[in-house]
Amino acid sequence: MPTQFFSRVFSKIIIFTALLSAFSVHTNAQPDKTPEKAKVADQREIAEYTAAIKKSPEDVEAFYERGLVYLHGEEYESAMADFDRAISLNPKFDKAYSGRGYIYLQYKFYAEAIKEFNRAKELSPADSFAADNLIYIYQEIKRGGLTIEQYDKLIQLEPNQAEYYFGRSKLHHKKENFAKAIEDASKAIELKPDYTDVYILRADSYCKVGKRKESAADIAKYDQPKGKSIGAICRIDINICAKDDDDCRMSAFNDGISQPFAIGRGIGNGLGDYYVGRGILYYKRNDFERAFSDFKNAFDNSHQRIYEDENYFKARLYYGTFFLEKDKFDEALVQFEAALNGNKNSDELYFGIGQVYLIRRNYELALNNFEKALFLNPRLSKAYFGRGIIFYENGRNYGEFENDEVKARESYQNAVKDFDSVIEIDLRKTPPEVYLKRAKAYDKLGEQVKADADRTKYIELTEKP
């Protein structure tokens, strides 16, 4: 910023240093001053010029000079008022335009400042102060750090500057307003077709809204002048896929696996995330071989924090359930216990662990896990069924081995209650085995009529075509 400001009457010169770093600019356009730091205009000089203005209300120089005194004291509102008055008295008074431009510059109102300094140059082409400040302003604009509102004003003032549209496009992109980012990037390219950097920004914006062909075309336009490819492609961003559009999501995961550094919003950890996402989709389609192959790749290509990720938890749960159904109990337990690291509030997880221990006849641990599952989900019918089996087996143990008929009867009654809960919850789709198990509990309790009724129901359900 030039240090010499304006020529003053009586051959005096006021020296100013750059004030841009002296205070912060706020949204209400008021300088951030504290009483101890604030400058104060020289009251003696103010009084002199005020007297001159009273004596001669149309004294342009007096208004201008008083404005300079206010300016030196950083009383910008008063300075602006005096410069405005000087211009109203003499619309060709170039120095007053420069004064206004300088005030606008302090607030980083670049468009307004440019307009004022250009008017000063137009009126006085030899005005080096206006020229130097314009150079400074354009340097500041080039450095960036502007707001969308600042670019709005600059574009309104100078609508053919490609750099302004590119700068605003980057801000829209950052705010994830991709439609406006594309619009501004397109205008920048229209004004400056060889503006290479704009193409990659627009390519990413196209990608984010699912316009893959347009994105690919812009990537090519970015790569060609560089002489080599950056290796980017546009994968589908899973966030633009409809929640139930599994085909869209599958395409996204396939692209992510084939090109993990594709442009577009990342899913999280990288390659492992694509594998686990695709594996879950395969699992939903009952393509278990591919699902579990992807789960294995996911676990091999991810970091420790995957335990906090919902998709990885699902993969562990599905994987464990698959092993459980294949009677691979050790493998199932490994997956269930790994899943516990990421989600200790899953009823399905505790149920799976309970099933492993039930099959292994470790009834204490099985009961503990079934009860955790029921605490989290009191409507989980299969956990009632598992717990009912444990109560039945405990009843047999009390009756046949410990000769404790009181505890045996209490356990059988608890078993009946749990089987009742299963039937209540799954009234229209109760597994036949529930009636058979309850019949055996009724046998032990001596309730033969109920036992026979349940056996009849069991036969009815198993003999249905």
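Glu45, Ile46, Tyr49 and Ile53 are the buried residues of helix 1. Look at them down the helix axis and the pattern is easy to read: they cover an arc of only 100°, so they sit on the same side of helix 1. Keep in mind that this is a predicted model. Part of what covers those buried residues is helix 2, residues 60-72. Now spin the view around to the face turned away from the buried side, and you meet the exposed residues Arg44, Lys54 and Lys55.

The geometry of helix 1 is a simple sanity check. The helix runs over residues 43-55, and at 1.5 Å a residue its 13 residues should span 18 Å; the end C-alpha atoms are 18 Å apart, which agrees. At the start of helix 1, have a look at Asp42: one of its side-chain oxygens comes to within 2.9 Å of the backbone nitrogen of Arg44.

From here, move on to the nonpolar cores. Which residues touch the most other members of the largest one? In that core of 62 residues, the answer is Phe295 and Leu349. Helix 20, residues 405-425, supplies the largest share of this core, with eight residues. If you center the view on Leu349 and skip anything up to four places away in sequence, the residues that Leu349 touches are Phe313, Leu317, Phe336, Ala339, Leu340 and Asn343.

There's also a second core, separate from that one, made up of 52 residues. To find this second core in the viewer, pick out Tyr76, Ala86, Ala130 and Ala185, which are among its members.

Conventions: Residues numbered from 1 in each chain as written. Predicted model: local features only at pLDDT ≥ 70, side-chain atom pairs only at ≥ 80, totals over all residues. Heavy atoms only, no water. Helix = DSSP H or I, 4+ residues; strand = E, 2+ residues; numbered from the N terminus. Expected span 1.5 Å × (residues − 1). Buried < 20%, exposed > 50% of the residue type's maximum accessible area, 1.4 Å probe, protein only. Arc of directions from axis to C-beta. Contact = heavy atoms within 4.5 Å. Polar contact = N/O pair within 3.5 Å; in protein donor to acceptor, adjacent residues only side chain to side chain. Core = buried A, V, L, I, M, F, W, Y, C linked by side-chain atoms within 4.5 Å.
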